[in-house]
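Trainee: I would like to understand the contacts in this model and the terms used for them. Could you take me through them?

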Amino acid sequence: MLLSTHSQTVDDNYVLVASLDNVRNLSNILKAITFKDHAIFNATPNGLKVTVEDSKCLQANAFIQAEIFQEFTIKEDSVGFQINLTVLLDCLTIFGGSTVAGVTTALRMCYNGYGYPLTLFLEEGGVVTVCKINTQEPEEPIDFEFCSTNVTNKVILQSESLKEAFSELDMTSEVLQITMSPSQPYFRLSTFGNSGNAHYDYPKDSDMMELFQCSKTQTNRMSLLKPSTKALALSCKVSVRTDSRGFLSLQYLVRNDDGQICFVEYYCCPDEEAEEEY
Amino acid sequence: MKFRAKIIDVGCLNHFTRVVNTISKLTKTCILRLTPGNLYFVLSGKIASGGVSMWCELSQANFFDEYQLEGVAPEANEICLEVTPENLSRALRTAQNAKCVKIKLTKKHCPCLTFAAELPTLSSVSRVVTHDIPVDVIPRRLWHDFKEPSVPDFDVSIYLPPLKTMKNVVDRMKNLSNFLVIEANLNGEMNLKIETDLVSVTTHFKDLGNPPWGDDGSQGRSHSRDPELMAQTRVDIRKLQQFLMGQQVNPSKAMCNIVHKRIIHLILLHEDVSLQYFIPAVA
């Protein structure tokens, strides 16, 4: 195999080796959380978790289980590093972003531990590209302390309907407001832009609504959540939950090229000006 | 000085249009040399063009049904014009479905290449669309700047990998670095490499094959060269990207000559068009 010949010298000292027959099963899901340059990678025997944070109030996590990989070998309980995500994505898509029928790019990712670069071997049609990307000491991701026991409202929607709404959102609005309530309007997305206020209401018995469990009326405002729209575009289902502190959790169920399931999750702090009239 | 030419075959017209489109993607202005047998689009490696040179040669008989040329003088039977290829592209775009396209050197308020396209209509009367493209006539004393470049004394000559693959890789590499190293050996191996503080990326192409240059003189030293030894040149990645972006059709032959640390010489051969592009090394 082309890739293993190249990576033999690296293999002896690796702490993490992961292989994919189709690199898109990694690159697509990483695109869904690329709103900042840096990402924290954490690998455990369960798989890979990639975290991106913005100003301590927005956090995105992508989970790719070990089973998704054709090979996933880890020599420690936990392996972590920080890396430039845009550089990583440019490397993962080195053979081009678009898909050609029947052509896939294979990936072998190797990491030798603290202080070493992340080494990628990518192969398409007999051509091999080797990338070495510098890594840094990983920062500790913020723990938003969102736990299921504290959940006040929970809604699971089919992504189709949300995608439509998001594509029509008034982008001149600085914030997106999500209202969840046991009574009318049940689930509402609102924007406040130059042309006025717009509301998208989803009745609790709509076809698109798979689950509706709301115990109290809560409103969350966040900056237009543009980062999460990439995750939405890839997903088939979304769960929206708020907890008693007003924190918001969005969980996206994503199916990759081979139909396997991965998760992307976004956590948002409540907006400081939540008290404002709307 | 006189020049008149006519294209009536739609295949020739499309082909000529594609060539002009390619040239327009490579440079804003260039020299158009018209001789009795050929047309040449030339860019000579001056500071203004960032040191790249281009030589594109078309055999006129393969494109034009009629071709009449009277050069500046009987002993110098050619015309040399400075043109903006994008203007030619634009004129050819409107001529896409033409029954016939006539090109003439004219003098309006300034020297022009006039394109007249006869377009089909529903009635029996044709519609003619005319473009007057201003050009500059290059005086004879400057012609020496636009001679055919000689093939450099290269260290390695190699066939290029599929241009589409090269373009995809170079496009991504451009996001990561301003400079790229292109290296190749006589074993048919070519590598494209970039290296910065943040990342290093190398793409390995194998089994490309090396063109068999003739036994005539200068390339003789390649016989004694270690086939594994790489000749390499570091270039401005945008120049290579620009070259790759312009290619619309797959050439029948594509090769690269590398003069170690000096220059890369790219040669694309199509049935009736040849394109040579020189990219100098950067420090």
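Mentor: Happily! Start with a term: buried area is the accessible area, with a 1.4 Å probe, that two parts lose on being put together, summed over both. Keep in mind that this is a predicted model.

Trainee: What makes about 1,600 Å² the buried area between domain 1 of chain B and domain 2 of chain B?

Mentor: That value is the accessible area the two domains lose on being put together, summed over both, so it counts as buried area. Carbon and sulfur atoms give 56% of it. On the side of domain 1 of chain B, K25(B), L26(B) and V52(B) lose the most area to domain 2 of chain B, together 33% of what that side buries.

Trainee: Where do the two domains of chain B lie in the sequence?

Mentor: The domain assignment places domain 1 at 2-146 and domain 2 at 156-280. Their C-alpha centres lie 30 Å apart.

Trainee: What makes a residue part of the contact between these domains?

Mentor: Heavy atoms must come within 4.5 Å. By that rule, 21 residues of domain 1 of chain B and 17 residues of domain 2 of chain B take part.

Trainee: How many salt bridges and polar contacts does the interface of these domains have?

Mentor: The rule, which wants a side-chain nitrogen of Lys or Arg within 4 Å of a carboxyl oxygen of Asp or Glu, finds 0 salt bridges across it. There are 6 residue pairs in polar contact, both at pLDDT 80 or more. In domain 1 of chain B, the elements giving two or more residues to this side are α1 (10-26) and β4 (53-59) of chain B. The largest share, 8 residues, comes from α1(B).

Trainee: And between the chains, how many residues does each give to the contact?

Mentor: Chain B gives 16 residues and chain A gives 18. The area buried between them is about 1,500 Å², with 57% from carbon and sulfur atoms. R172(B), L198(B) and H204(B) supply 37% of the area that chain B buries against chain A, more than any other three residues. Here too 0 salt bridges are found, while 9 residue pairs are in polar contact, both at pLDDT 80 or more.

Trainee: Why is strand β9 of chain A said to pair with β14(B)?

Mentor: Pairing needs at least two bridges found by DSSP. Strand β9 (residues 127-133) of chain A is joined to β14(B) by 6 bridges, so the two strands pair, and they run antiparallel. As one example, C131(A) has V201(B) as its bridge partner in β14(B).

Notes
Residues numbered from 1 in each chain as written. Chains lettered and ligands numbered in written order. Predicted model: local features only at pLDDT ≥ 70, side-chain atom pairs only at ≥ 80, totals over all residues. Heavy atoms only, no water. Domains from an automatic or database assignment. Polar contact = N/O pair within 3.5 Å; in protein donor to acceptor, adjacent residues only side chain to side chain. Helix = DSSP H or I, 4+ residues; strand = E, 2+ residues; numbered from the N terminus.
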